[in-house]
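Here are my notes for anyone opening this one up for the first time. Keep the viewer handy while you read.

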Amino acid sequence: MNILILSGSPRKGGNTDLLVEAFVKGASPNHCVEVVSVHDYKVNPCMGCNACFKSDSQSCVQKDDMAGIYEKMLVSDMLVIASPVYFYGLSAQSKAVIDRCHNPIRDTFRIKKTALLLVGAASLPELFDSILTQYQLCLNFFRLEDIGHILVRGVKDKGDIEKTEALNKAYKLGKNIE
């Protein structure tokens, strides 16, 4: 299976990156895994102009790095969204990429499975609720299978995640993908 991980953390080597690395270690022996650090790509927000729906090529009028991400999504069987939580939502980098999937090219993706890896500094029980609601709505709309999610609270500083069981859980989630 081709697995694409969209990692939305702008902080290199931080807790999100460590969680992604653990997942990759579990998944890569049996699957082809690619990590895209969306912070390294110039992706503008969706303008909602719907030009892509009117174009025969389904191309976005914006000329940025999203075209390369679309190419990676076209050959992926599974999509993993990894992000830190900022003000109870995904990072702006992650959100920009997701919003740019408001494009008919998404109907040509062969993605059937998804997973979610989230890291937040707060310890509130409802920290991930709004993201999980959006995630579930996307699963329902696109008829995708959720293979699991790792939700890590209370990790603020780089390396804090190493004091939790989350890395082991992410490894196991990756390893158990069928």
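The points below go through helix packing, the nonpolar cores, the cysteines and a few loop residues.

1. Before anything else, bear in mind that this is a predicted model. Everything that follows should be read with that in mind.

2. A good place to start is the pairing of helix 1 (residues 15-27) with helix 6 (residues 166-175). Their axes lie 6 Å apart and make an angle of about 35°. If you want the handedness, helix 1 crosses helix 6 in the right-handed sense. On the helix 1 side, the touching residues are L18, L19, A22, F23, K25, G26 and A27. Helix 6 answers with A166, L167, A170, Y171, L173, G174 and K175. Sorted by type, the residues of this contact come out as 10 nonpolar, 2 polar and 2 charged.

3. Next, have a look at the inside. The largest nonpolar core holds 26 residues, and the members that touch the most others are L6, M66, I69 and M73. Several elements supply two or more residues each: strand 1 (2-7), helix 3 (66-74), strand 3 (78-86), helix 4 (92-99), strand 5 (113-119) and helix 5 (129-142). Helix 3 is the top contributor, with 4 residues. As background, nonpolar side chains in soluble globular proteins tend to be buried together.

4. M66 deserves a click of its own. Setting aside neighbours within four places in sequence, M66 is in contact with K42, V43, M73, V97, R100 and C101. Apart from the core that M66 belongs to, there is another one, made of 22 residues, with L19, M78, A82 and V152 among them.

5. How many disulfides are there? The count comes to 0. Take C32: the nearest cysteine sulfur belongs to C101 and is 19 Å away, and C32 is in no disulfide. C32 is also partly exposed, at a relative accessible area of 48%.

6. C60 is the other cysteine I would check. Why is the sulfur of C60 not bonded to the closest cysteine sulfur, in C49? The two sulfurs are 6.2 Å apart, which is too far for a bond, because a disulfide needs the pair within 2.5 Å. C60 counts as buried, with 16% relative accessibility.

7. Is L127 buried or exposed? L127 sits in the loop between strand 5 and helix 5, and it is buried, since its relative accessible area is 4%, with the cut-off for buried being under 20%. Leaving out neighbours within four places in sequence, L127 is in contact with V85, Y88, G120, A122 and R153. For a sense of distance, L127 and D99 are 28 residues apart in sequence and 21 Å apart in space, C-alpha to C-alpha.

8. Finally, two backbone spots to look at. N50, in the loop between strand 2 (32-37) and helix 2 (51-54), has a phi near 60°, a positive value in a residue other than glycine. With a relative accessible area of 31%, N50 is partly exposed.

9. Q58 makes the second such spot. Its place is the loop between helix 2 and helix 3, and the phi of Q58 is likewise positive, near 60°, in a residue other than glycine. At 26% relative accessibility, Q58 counts as partly exposed.

Conventions: Residues are numbered from 1 along each chain as its sequence is written. This is a predicted model: local features need pLDDT of at least 70, side-chain atom pairs count only at pLDDT 80 or more; totals for chains, interfaces and linings use all residues. Side-chain values use heavy atoms; hydrogens and water are left out. Axes are lines fitted to C-alpha atoms, for helices over the stretch in contact, and angles run from 0 to 180 degrees between N-to-C directions. A crossing is left-handed if the near helix is turned anticlockwise from the far one by less than a right angle, and right-handed if clockwise. Contact means heavy atoms within 4.5 Å. Ala, Val, Leu, Ile, Met, Phe, Trp, Tyr, Cys and Pro count as nonpolar, Asp, Glu, Lys and Arg as charged, and the others, Gly among them, as polar. A nonpolar core is a set of buried Ala, Val, Leu, Ile, Met, Phe, Trp, Tyr and Cys residues joined through side-chain atoms within 4.5 Å. Buried means under 20% relative accessible area, exposed over 50%, partly exposed in between (1.4 Å probe, protein chains only).
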